[in-house]
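Here is a quick walk through the strands and helices of a two-chain model, written for someone who likes the cut-offs spelled out. Have a look at the structure first, then read on.

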Amino acid sequence: MRTKFHQGLEDLRDRLLRMGGLAEQAVDRAFEAYRDRDLAKCHSVLEGESKINELERGIDEAAFDLIAMQQPTAVDLRFILAVVKINSDLERVGDQSVNIVERVMDMIDLPFVDLPVDIPRMASATSAMVRRALESFIEGKAELAQAVLEMDNVVDRMRDEAFINLVRKMNETPSVTQQALDALLIARNLERVADHATNIAEDVIFWVKGADVRHNVGDPSTDAETQT
Amino acid sequence: MGVGITVENLNAWFGKHHALHDVSMIADANKCTAIIGPSGCGKSTFIRCLNRMHEVIPEARATGSVRVGEVDIYNGTSAVQVRRRVGMVFQRPNPFPSMTVFDNVAAGLKLNGIAPGKKELEELVERALRGAALWDEVKDTMKKKSGASLSGGQQQRLCIARTMAVEPEVVLMDEPCSALDPISTGKIEELIFQLKEKFTIVIVTHNMQQAARVAEFTGFFLMGRLIEFDRTEKVFTKPSDKRTEDYITGRFG
């Protein structure tokens with residue numbers, strides 16, 4: 001047994017889970033900040049970003065060391081590559097959360113307007129995608145990851161609906177253009193978070209099954225099942 | 001040019017010990033095939049069956065079919081003829097210590113009953129030494145220095161030159177770099193890439209990174225059985241068998 005190597009893999013997994021927890025928390029807090037028009041929550045998301053960035057660098061460094069020092073192969077190599085890519089996606093989830101609270105801070109400065117967009121529903125779907133993508137990583141289960149991929153279309157449709165309705169609102173009531181534009185950008189940010197969750201799920205399938213299912217190519221069910 | 005090797009239902013014994021069980025595989029012509037597996041898995045026994053070296057051990061025997069090109073080496077051909085076509089490089093370089101570098105290479109020809117004229121012999125030795133990437137290092141001293149005076153890496157390349165001199169079609173290598181430092185290992189690996197143009201190569205190695213670097217195909221042996229045989233990149237990134245995965249990821253062995 002390569003004890004030190006396998007401890008290194010476990011350490012990498014633990015770090016990524018910490019990163020995942022922070023990214024998931026950032027999205028949830030960003031939505032709460034929108035829902036409650038809460039400036040303190042906005043600041044909490046902004047302050048959390050540096051921790052996410054710091055973890056991202058540490059994970060990349062640890063993965064780089066493992067590749068250089070341990071020459072991983074097969075499932076271990078796929079795991080490390082998946083961790084590096086998921087790490088990057090989680091950092092981007094953190095960035096999108098920051099983008100959302102920046103829009104929220106702008107909205108807080110403006111009068112409240114009732115807009116034709118269901119941000120809570122969209123945030124709930126997006127947050128569920130991130131959570132399930134991370135669960136699929138924790139469990140090492142491709143079928144959980146596959147379910148995340150299937151949720152992406154739903155969020156895409158919500159984003160399209162938001163776009164149509166908010167543009168119409170801007171045309172009908174130009175005085176609320178700024179608020180509508182903020183909401184539109186928040187919808188777009190949430191849709192991007194869903195895309196990152198999709199990427200994470202694809203990376204989990206790559207790790208577990210060795211199948212590249214990006215861009216709707218490759219069927220994971222045809223590959224040999226391998227798990228650590 | 002190299003020829004392919006087709007192995008079908010190969011079994012090998014040492015006395016009552018059944019060392020290889022029904023091994024079947026194909027080593028493609030002018031490609032390098034790596035054989036990996038834990039100690040005692042039968043990989044050295046396997047390649048020694050490919051040029052009938054296995055049978056030189058008392059009470060050792062083999063059954064099944066090994067075809068080098070179209071010739072079944074266990075049926076109607078002599079072991080000497082087989083070894084002329086299927087050369088072998090061993091784990092520890094074994095030049096003849098009392099012979100010069102030149103004579104070491106020439107000995108390969110003489111031992112195989114090839115007796116060229118002086119000029120032709122010089123040409124054959126030079127070609128073999130160039131082919132083994134040793135010429136530049138020994139051309140001025142090869143008729144004075146003994147083979148044993150060379151460094152370990154040079155000695156191994158000398159043994160490769162000796163093997164190449166008789167122009168075999170297949171070269172078997174049994175852990176050829178296990179006694180060498182990383183620089184010498186790098187030279188041998190570089191050499192393997194060049195040798196593939198002329199020969200078919202089958203290499204046994206404990207160094208999995210080496211297998212990944214030099215071989216197009218890799219076979220994983222465990223307890224005398226060929227567990228998995230596939231393209232090297234497949235074996236090292238997405239092996240089909242859990243036992244292969246456990247071995248190459250260091251979970252056992």
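Two strands pair if DSSP finds at least two bridges between them. Helices (H or I, at least four residues) and strands (E, at least two) are DSSP runs, numbered from the N terminus. Bear in mind that this is a predicted model, where local features need pLDDT of at least 70, side-chain atom pairs count only at pLDDT 80 or more, and totals for chains, interfaces and linings use all residues. Residues are numbered from 1 along each chain as its sequence is written, chains are lettered from A and ligands numbered from 1 in the order in which they are written, and side-chain values use heavy atoms, with hydrogens and water left out.

**The four-stranded sheet**

Chain B has an open sheet of four strands in the order 2-1-4-5, and the pairing is antiparallel. Strand 2 (17-27) and strand 5 (71-72) of chain B sit at the edges with a single partner strand each, so one side of each has no neighbour in the sheet. Strand 1 (residues 5-14) of chain B runs antiparallel to strand 2 of chain B, and seven bridges join them. In that pairing, I5(B) has A27(B) in strand 2 of chain B as its bridge partner.

**The six-stranded sheet**

Another open sheet in chain B takes six strands in the order 6-7-8-3-9-10, this time with mixed pairing. Its edges are strand 6 (86-89) and strand 10 of chain B; each has a single partner strand, so one side of each is left without a neighbour in the sheet. From one strand to the next, the twist averages 20°, with axes being lines fitted to C-alpha atoms (for helices over the stretch in contact) and angles running from 0 to 180 degrees between N-to-C directions.

Here are three of the strand pairings in chain B, each with a bridge pair.

| Strands (chain B) | Bridges and direction | A bridge pair |
|---|---|---|
| Strand 7 (residues 170-174) and strand 8 | Five bridges, parallel | M173(B) and I203(B) |
| Strand 3 (residues 32-36) and strand 8 | Four bridges, parallel | T33(B) and V202(B) |
| Strand 9 (residues 217-222) and strand 10 (residues 225-231) | Six bridges, antiparallel | G219(B) and F229(B) |

V171(B) also has a bridge partner in strand 8 of chain B, namely I201(B). As for the hairpin of strand 9 and strand 10 of chain B, two residues lie between the strands, and M223(B) takes a positive phi near 50°.

How many residues of strand 8 of chain B are buried? Five of the five are, so strand 8 of chain B is largely enclosed by the rest of the structure. Buried here means under 20% relative accessible area, with exposed over 50% and partly exposed in between (1.4 Å probe, protein chains only). T200(B), V202(B) and V204(B) point one way from strand 8 of chain B, while I201(B) and I203(B) point the other way, and all are buried.

T200(B) belongs to strand 8 (residues 200-204) of chain B and has a relative accessible area of 0%. Its side chain reaches the backbone oxygen of V3(B) at 2.7 Å.

**Helices**

In chain A, helix 1 (residues 3-36) and helix 3 (residues 74-108) have axes that come within 9 Å and cross at roughly 20°. Helix 1 and helix 3 of chain A are therefore roughly parallel to each other (angles under 35 degrees count as roughly parallel, over 145 as roughly antiparallel, 65 to 115 as roughly perpendicular and the rest as oblique). The residues of this contact divide into 21 nonpolar, four polar and three charged. For that split, Ala, Val, Leu, Ile, Met, Phe, Trp, Tyr, Cys and Pro count as nonpolar, Asp, Glu, Lys and Arg as charged, and the others, Gly among them, as polar.

Over in chain B, helix 4 (residues 118-131) and helix 6 (residues 152-165) pack at an angle of about 130°, with their axes 8 Å apart. Helix 4 and helix 6 of chain B are therefore oblique to each other.

Q156(B) lies in helix 6 of chain B and is buried, at a relative accessible area of 0%. Q156(B) and L180(B) are 24 residues apart in sequence and 8.7 Å apart in space, C-alpha to C-alpha. A107(B), found in helix 3 (residues 101-111) of chain B, counts as buried at 7% relative accessibility. Between A107(B) and R162(B) there are 7.4 Å in space, C-alpha to C-alpha, and the two are 55 residues apart in sequence.

How values were computed: Polar contact = N/O pair within 3.5 Å; in protein donor to acceptor, adjacent residues only side chain to side chain.
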